[in-house]
Every structure is written in structure tokens, then in C-alpha cells.
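Please open the structure in your viewer and keep the sequence panel visible. The tour below proceeds from one selection to the next and describes what is found at each stop.

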Number of protein chains: 2
Amino acid sequence: MVLDGVALANKIKREVQKEVKHLKIKGIIPTLRCLVSSNDRSTRVYLNSIKHNCDKLGIDYAEIGTDSENIIKDVEMLNNDDKVHGVMLMHPVPEGVNEISVLSMLDPKKDVEGRTPENLGKILLNVPSLVPCTAQAAVELLEYYDVPLKGANVTIVGRSTTVGKPLSLLLMSRDATVTVCHSKTRNLVEATKHADVLVVAIGKPQMFDASWVKEGAIVIDIGINVVNGRVVGDVDFDSVSKKASVSRVPGGVGSVTNAVLMRNVVKSVQLI
Amino acid sequence: MVLDGVALANKIKREVQKEVKHLKIKGIIPTLRCLVSSNDRSTRVYLNSIKHNCDKLGIDYAEIGTDSENIIKDVEMLNNDDKVHGVMLMHPVPEGVNEISVLSMLDPKKDVEGRTPENLGKILLNVPSLVPCTAQAAVELLEYYDVPLKGANVTIVGRSTTVGKPLSLLLMSRDATVTVCHSKTRNLVEATKHADVLVVAIGKPQMFDASWVKEGAIVIDIGINVVNGRVVGDVDFDSVSKKASVSRVPGGVGSVTNAVLMRNVVKSVQLI
């Protein structure tokens, strides 16, 4: 089986579109602002895809350029602007700026990427509000395909603050037995082959072939790597798909992530 | 080997005592307030031990009785009182009160138990500030005995918001490969026998005997159970100590927890 992120993404986007229409009847236009300080190519590509989704779904989108001198003032300005519902602080922040300090200032109700300490802490407390989009997308893709999580052995490879760590907490709350692996893990293949559900998110192109995976497992590929101009995941899809169910890259979790971000903007309207 | 919590607790308390003296020279008396709404026996025993420690170390301690009608007002009053550095919201809160909502109102800088969403989120972001005392105590006991954590397979049994979940994040940041087990875990003994470091925190008196533990492992017992008037842990100490290094109950993590709480009060002075 292939876990198709596009089908789920489209379902979420239809729901968002409906919600945006309801809000417009009430005179509310969901509004997203991106604080941007870098202009590298991958940021540009990402921002264009967000803008494209916003335009399609009726969300008011704009970018605000910032720098190390203005970033704090800009966050405060967006916090205080009642017309702005969602704010994204684009990574990387300007040199010399402490990213976590700036994140801590952002109003958690506008934190559509779920990156503030308060929103991350709410995941630990099992009262999630705005959740990091990729971690949330992985969970929803599993649920969309009715993958049993209760008692399942889940191995997550990667311990980032945006994916591995929050995802481990979300899956614990769904009664999975979760192991988090990373670069310092000693016998990684033992941990991946033990998994009923394997999630990989380390950015190593096609590293995981069939030899890493248990027969019949569910594999969620969160890697996004560009190799010779082509986007590939951390999983060797052709090899693994003969033995296990896998999400595609592209067309897997990434597609759902974008839809979840749009839904978080609509959710932020209700939080304010 | 027996992991002795009392030795470490005394070391921490000596440091706290020194710090309290320094603060007094500057005219600052570290001040802790406990918001109490229940008067059951175990709460009373716990509060008495905190008071005892505060008195010994020179920390100003008082209890404030509260109820469902006043609890929010009382939290605000303590947030705004510059003379109060640390606040504990005693569990359980009055019936009908949403504990997490009240916790979310508490000033994170005064949250000496590390229970607010913001402080828990900071653990996930690997910028810990005030950390839940028991989770912190377990880490410090491991570090006090130079237990190698980098690459170690750690199994935590119990996924509470005060121990299992924050401890899993703290140990991930120290490069351990962490598995969190709980009541829905399928093959628990497989997970515990796999562990170089086993942490148990589920409140089942002496459940874990030698058959659950790998030869030479380090076992941290966080259970506190009263059986026939005697306090015992989740570990069958006599059985496991023949095969592995174990922390005692009492005299293990619990002792360190109390000392960490005192240190958090002093830390909260510096945060305000």
C-alpha cells in the first residue's frame, strides 16, 4: 500500500475552504503574515507554495521583511494587530538573533507553526492547541489510513523540535510505545526493524532500503532531499514498497503539512 | 552498586544554603508559597516535608488555602507579589477547576515545579528553565554516578506529564536512545530487558524483580508506594540489586526531588 498524502491534503483543504467561507460571511478574512529575513532559494520556494495555497483557499497572505534590528518590534506589531490571525517566523532568523527568545515573544494564539514554548508544552500536557504542522501531518496520515497505534511499536528516527520530539509525544498520547533514535543511536537497524510503524526524518536521501524495515510495517517518510534536481525522501521507495506500506515523497507527508498549516491559520481565528 | 539519593540531595542542599546566604546579604529572602485546596493526609505529609526543608535552608515558606472560587484570583495575586519568588499549585485542585487552565495562568518564572506549558515546552526546545523536580532529579542522579547516557538504550516505564514525558526529552538531549512504555505496551519485559538504563515510575509496589532487568543495568526507581505502613518502590530491591545497580526507595530519587525543588526556589529568585 502507498500512503497517499495528496488525498488527505485535498480533504483538509476542502474543509478549510468551507470554514473560510463561513468566516467571510461573518466579515472575517483569515490573515497570515510571514516574517522573512532571509532570501535564499529554499525559503523563496517554500513561501511561494504557502502563498499559492493561501490564494486558492481565500486566506489573506503577505510577507513582511525584517532584520535583526526590527524583528522584536515586528513580532510585537503583529501580536497587537487584531486583523492578523496567524504569524510565521521564517527560519533562519537574522544572524545574532536568538530564535527561541523571539519565538517566546510570539503570541501562542497566532503561532500557526506550533513553535512557541507554550504550544509545545501543551502537547506534553496532552491538550494540544496549535501543533507543529509536520508532526501533526504524520499523525493524521496514519489515522487517515486507520493504522493501529494503540500498543504499536513506533520508531522515530530524528529528534528535531519540529518533528521527532513533538511527534513522539503525540504518538505516546495515542497509546503507542515510542522509541526515538538519532545520530548517537548504537544499533539503529535493530530499532527500525523492530517497528510496526517507522517514521524517518533525518534528511539522508534514500538511506532506508528494505533491509531496515520489518515485513508489513508502515513507513512514514518525512525526508525532503533534492538529488540531481529531483525531490526524494529518506526512504528508498522502490525497495521498501515491496515489503511495507510507505508514504511517497513528494505527495506524502509534505502535502499534508501544507494543508495543516492552512487549517492552523483558520484555527488561529477561533483562538483569538 | 546502590545509587544513593541522600548523598546527592545533601550536596544540592549545601549549595542552596550557600546561595540563600548570598541572597540574604543582598536583602532578598527566597520565598515559596503553596496554594492548597485539599487537606488529605498525603498532601499534608508532603507539605510538612517541604516546610521542613525550607525552614532548614532559610527559605520563607507559607501555605495559602484556596478553593474553586478564589483559585484564579489567588494565582494572580501571587504572580503580582514581588516578594513571592516560587509558587506551588498543589494537586489536586478543587473540583470543577481545570488544572491546566490554572497552570497556564501561573507566571512561568515562579513555576518552581516546572508544570506550566511554557516551562515544559522549553524542555522540548532544549532550553530548560524550571524543570519538573522528579524528572530533573532522575537525570542528576544518573549524572552524579557518571552513568554513560550517550548512545545508551534507556527505557522509561510510565508516561506522566511530571516524570515520563519530560524525562524522555531530557535524556534525548543527552544523546540517549529513549523508549517510553506504559500500560498499553505489548511486550513490556522485552523493552525493560533491552535497557542499559531502566527508569520505572508507575506506582506498582515492587513489580519489577530481577527477571525484568538486564545484567549490569542501571535501574532508577521512581515509585513511591506505601505497603503495610512501609514505603517501597516499583522495584523489588533485594532481587534486582543482585544483578544491577539500583536507586533505593526511600533514599533515592525522592530525596533528590525535594532538594531540586529547593534549588528551583532559589533559581526563581534569579529569574524574576
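Helices and strands are taken here as DSSP runs, of at least four residues for a helix and at least two for a strand, and they are numbered from the N terminus. With that numbering, the loop between helix 5 and helix 6 (133-144) of chain B can be located, and Asn126(B) lies in it. Select Asn126(B): this residue is not a glycine, yet its phi is positive, at about 60°.

**Confidence**

The model is a predicted one. Colour chain A by pLDDT: the average is 97, and 100% of the residues score at least 70. Within chain A, the lowest confidence falls in strand 9 (residues 225-227), with a mean of 94, and the highest in strand 5 (residues 153-157), at 99. For the model, ipTM is 0.97 and pTM is 0.98.

**The two copies**

Display both chains and superpose chain B on chain A. A turn of 180° with a shift of 0.0 Å along the axis lays chain B on chain A, with an RMSD of 0.0 Å. The two copies are therefore related as by a two-fold rotation axis. The same surface serves both copies, since 100% of the contact residues of chain B recur in chain A.

**The contact between the chains**

Next, select the residues at which the chains meet. Chain A and chain B each bring 29 residues to the contact. On the side of chain B that touches chain A, helix 5 (117-124), helix 7 (164-173) and strand 6 (177-181) of chain B each supply at least two residues. Which element gives the largest share of that side? Helix 5 of chain B does, with seven residues. Coloured by residue class, this side of chain B shows 13 nonpolar, eight polar and eight charged residues.

Now select strand 6 in both chains. Strand 6 (residues 177-181) of chain A pairs with strand 6 of chain B in the antiparallel sense, over three bridges. Within this pairing, Val180(A) stands opposite Val178(B).

**The sheet that spans both chains**

Extend the selection outwards from the paired strands. An open sheet of 12 strands appears, in the order 1(A)-11(A)-8(A)-7(A)-5(A)-6(A)-6(B)-5(B)-7(B)-8(B)-11(B)-1(B), with mixed pairing. Its edge strands are strand 1 (2-3) of chain A and strand 1 (2-3) of chain B, each of which pairs on one side only.

Move to the chain B half of this sheet. Strand 7 (residues 197-200) and strand 8 (residues 218-221) of chain B run parallel and are joined by four bridges. Leu198(B) stands opposite Val219(B), a residue of strand 8 of chain B.

Add the helices that pack on the sheet. Helix 6 of chain B touches strand 1, strand 7, strand 8 and strand 11 (245-247) of chain B, and its direction makes about 150° with that of strand 8 of chain B. Helix 7 of chain B also packs on the sheet and touches strand 5 (153-157), strand 6 and strand 7 of chain B together with strand 6 of chain A. The direction of helix 7 of chain B makes about 170° with that of strand 6 of chain B.

**The three-stranded sheet of chain B**

Select strands 2, 3 and 4 of chain B. They form an open sheet in the order 3-2-4, with parallel pairing. Strand 3 (60-65) and strand 4 (86-89) of chain B stand at the edges with a single partner strand each, so one side of each has no neighbour in the sheet. From one strand to the next, the twist averages 20°.

Strand 2 (residues 31-36) of chain B is joined to strand 4 of chain B by four bridges. Cys34(B) stands opposite Met88(B) in strand 4 of chain B. Helix 2 (residues 41-57) of chain B packs on this sheet, touching strand 2 and strand 3 of chain B, and its direction makes about 155° with that of strand 3.

**Domains and cis peptide bonds**

Return to chain A, whose domain assignment gives domain 1 (25-107) and domain 2 (133-255). The C-alpha centres of these two domains of chain A lie 29 Å apart.

Then select Val249(A) and Pro250(A): the peptide bond between them is cis, with omega near -5°. Pro250(A) is in the loop between strand 11 (245-247) and helix 10 (253-271) of chain A. In chain B, a cis peptide bond joins His91(B) and Pro92(B), with omega about 0°. Pro92(B) is placed in the loop between strand 4 and helix 4 (99-105) of chain B.

Key. Residues are numbered from 1 along each chain as its sequence is written. Chains are lettered from A and ligands numbered from 1 in the order in which they are written. This is a predicted model: local features need pLDDT of at least 70, side-chain atom pairs count only at pLDDT 80 or more; totals for chains, interfaces and linings use all residues. Two residues are in contact if their C-beta atoms, placed from the backbone, lie within 7 Å. Ala, Val, Leu, Ile, Met, Phe, Trp, Tyr, Cys and Pro count as nonpolar, Asp, Glu, Lys and Arg as charged, and the others, Gly among them, as polar. Two strands pair if DSSP finds at least two bridges between them. Copies are superposed by least squares on the C-alpha atoms of residues with pLDDT of at least 70 in both. pLDDT is the predictor's confidence in each residue, from 0 to 100. Axes are lines fitted to C-alpha atoms, for helices over the stretch in contact, and angles run from 0 to 180 degrees between N-to-C directions. Domain bounds come from an automatic or database domain assignment.
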